[in-house]
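Trainee: I'd like a close look at a single part of this one, and how its pieces fit together. Could you walk me through it?

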Amino acid sequence: MIEVRGLTKRYGDKLAVDNLTFAVEPGKVTGFLGPNGAGKSTTMRLILGLDNPTSGEAMVHGKRYRGLNYPMREMGALLEAKAVHGGRSAYNHLLCLAQTNDIPKRRVDEVLGLVGLTEVAKKRSKGFSLGMSQRLGIAGALLGDPQVLMFDEPVNGLDPEGIRWIRNLMQALAAEGRTVFVSSHLMSEMESTAQDIIVIGRGKLIANTTIDKFIAENSTGTVKVRTPQVDELAKAVAAAGGTATSGGDEALVVQGLTTDQVGDVAFGAGVRLHELSTHRASLEQAFMELTADSVEYQATVQGGSPTGTAPAAPAPGGGRHAVTEEAPQGIPAAPPPPAHETQDEHAGRTN
Amino acid sequence: MAAVTTERAQLSGLPPVKGRASLMGTIRSEFTKIRSVRSTYWTLLVLLVITIGIGVLVCWLTASHWNQASLSQKASFNPTSNSLVGLFFGQFVIVVLGSMTITAEYSTGMIRTSLTSMPRRGVFYVAKAAVFTVIALIIGEIASFVAFFLGQVLLGTAPVHISTSLSSPHVLRAVVGGGLFVAACGLFAFGIGTMVRHTAAAISIAIGVLFVVPIIVNFLPSSWNNDILRFLPSEGGQAIWRTTQAAHEWPAWGEFGVFLAYTAAVLIGGYILFRKRDA
């Protein structure tokens, strides 16, 4: 159980975390979402007492982290995978952590085995890939067999097998009744892992709810229709008050009408349908719609996108336009945002 | 990479604990840290080689060229200082290790992992300083005693009797003081390292204070610099491994007390900043 009350952190004149209040419950995976620079990592540092809050408090099991008797036995955390001394072997790194909390040596061997680093245990971590470093960080978090776990962007740098492993691990930990709090800027990742989500943007709480509710409340559902008579159907839909946009070859994406209504409209207009389905908006989409105004670093269309995915034509209105808004509407499982490959919280959206 | 598994069953439970994480645990942890990186061994080896090597070289040259030495050189000759002269250079090596003991935590990012495992900063700081002090003291005493004994053996080869022994006045205090000096120099740099959190800056400042400041003061008119010198950390530190007392100095322990006071001030200053700053 992690409780955060009125948590605020100011760096100079910039509010990195702005009056956050939320609780992370045991027994499930809680996703902590927000665009790069939203304040996720800062919040986690505040929870661990690494940074001092400007105001407010963060509690773990009802105590400040610094007040815990054996911190690692109550809460395990992975902040940055590379926050290790590269000259030290994986084994000695974990051993020096274990010793601070009177954790026996054999436990070090066990967690090394759990994360699959036994064979490189005596190697200096300098030579580790980012994925191996993430595993080492997770091993450190698990050392004390804690009831509360907190991971900051744990899938960064992992290959698909590694991502699946972390996902399963987090779900297994939650299934054992532990509190699992995991941050990500990849909404698609959370969609398949978390049950609850806490969304922040520019340090402020945007949503604190379940995944399903979040999508239902924050994204308009659409209806996908395939028909050989696209033009007739588009007219009929428009006449019935919906909006139809082209969904590819012989297909339309309809907004503002339910599947029943679209079916009735098609029947009335004598249009043959080959497919009629609801499309539940992905978390990615809901997230982008919600945080469009609070993206910390925006790339203007005129300035060009660092990833080269921005359309050449200026956006209507010509104003500032978030990269994240450029995902085409109506396509399920929108591709991950361009920041996917960056490791740095702040590197993604800036040039 | 080995096959990964999500089987939680293979993890056995931890034996229960009472009370709270102790200072001893963090001391063990800090000892593991300092013994598990190569830079520690390299630095300590360089300290020994420089301190002992320079002392041996100087004593050998003194003994083999004794007959060519001038009367004033012979008059100012001090066998203890002669054999311990390497400490002057050794201090800069321990400054590097003292700084890096804390600044490497920052340059690697390890500090955030360390303070997550032991969030009580006072415990962490005391454990780190204590482990470093013990290691610096042991190596410093080894360097000082070996340099002294090897130096006296070489001085014994001179045509006349010029070597000394621990039983002569002030000699034991000076040789033991050599080790104390090494540890104190390292701690001084450790405190500065905690304040500035940057390896190069910490080493530069420590060497500046210990080496450059006395040179500048020496350029001042002697009526001034004699009054200033006795308050300098460098002078205070070196007095403890000399058998003679300069005119402008307090007795050896008094001078060393000045250096320890500076060291304590820097360590306390570092601690105050360490406690309240974001990691």
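How many bridges join β10(A) to β12(A), and do they run parallel or antiparallel?

Mentor: Bear in mind that this is a predicted model. With that said, β10(A) and β12(A) run antiparallel, and 5 bridges join them. For one pairing you can look up yourself, take T222(A): its bridge partner in β12(A) is Q255(A). In general, strands of a sheet pair through backbone hydrogen bonds, either parallel or antiparallel.

Now step back to the sheet those two strands belong to. It is an open sheet of 4 strands in chain A, and reading across it you get β11-β12-β10-β13, with antiparallel pairing. At the edges you find β11 and β13 (275-279) of chain A, each of which pairs on one side only. Go from strand to neighbouring strand and the average turn is 25°, direction ignored.

Next, the helices around that sheet. α10(A) lies across β10, β12 and β13 of chain A, and runs at about 155° to β13(A). Then there's α9 of chain A, residues 230-239, whose buried residues are L233(A), A234(A), A236(A) and V237(A). Look down the axis of α9(A) and those buried residues fall within an arc of 165°, so they line one face of the helix. Over on the other side of α9(A), D231(A) and A239(A) are exposed. What sits over the buried residues of α9(A)? The cover includes β10 (222-226), β11 (243-246), β12 (251-255) and α10 (259-269) of chain A. So our two strands turn up again here, because β10 and β12 of chain A are both part of what covers the buried residues of α9(A). Just after α9(A), keep an eye out for G241(A), which takes a positive phi of about 100°.

For a contrast in pairing, try the other open sheet in chain A. That one has 6 strands in the order β5-β6-β7-β3-β8-β9, and its pairing is mixed. β5 (75-78) and β9 (204-210) of chain A stand at the edges with a single partner strand each, so one side of each has no neighbour in the sheet. Here neighbouring strands are turned by 15° against each other on average, direction ignored. Inside this sheet, β3 (residues 29-33) and β7 (residues 179-184) of chain A run parallel and are joined by 5 bridges, with V29(A) standing opposite V180(A) in β7(A). Helices pack here too: α6 (residues 160-175) of chain A lies across β3, β6 (148-152) and β7 of chain A, running at about 150° to β7(A). α8 (residues 211-218) of chain A also packs on the sheet, where it touches β8 (196-201) and β9 of chain A, and its direction makes about 115° with that of β9(A).

Finally, a word on the partner chain. 41 residues of chain B are in contact with 48 residues of chain A. On the chain B side, α1 (23-35), α2 (38-64), α5 (87-108) and α6 (110-117) each supply at least two residues. That side of chain B divides into 16 nonpolar, 17 polar and 8 charged residues. As for confidence, the predictor gives the complex an ipTM of 0.91 and a pTM of 0.83. Chain B has a mean pLDDT of 93, with 96% of its residues at 70 or more, but pLDDT stays under 50 over residues 1-9 of chain B.

Definitions and conventions. Residues numbered from 1 in each chain as written. Chains lettered and ligands numbered in written order. Predicted model: local features only at pLDDT ≥ 70, side-chain atom pairs only at ≥ 80, totals over all residues. Buried ≥ 20, exposed ≤ 12 C-beta atoms within 10 Å, placed from the backbone. Arc of directions from axis to C-beta. Contact = placed C-beta atoms within 7 Å. Nonpolar A, V, L, I, M, F, W, Y, C, P; charged D, E, K, R; others polar. Pairing = 2+ DSSP bridges. Axes fitted to C-alpha atoms, helices over the stretch in contact; angles between N-to-C directions. pLDDT = per-residue confidence, 0-100.
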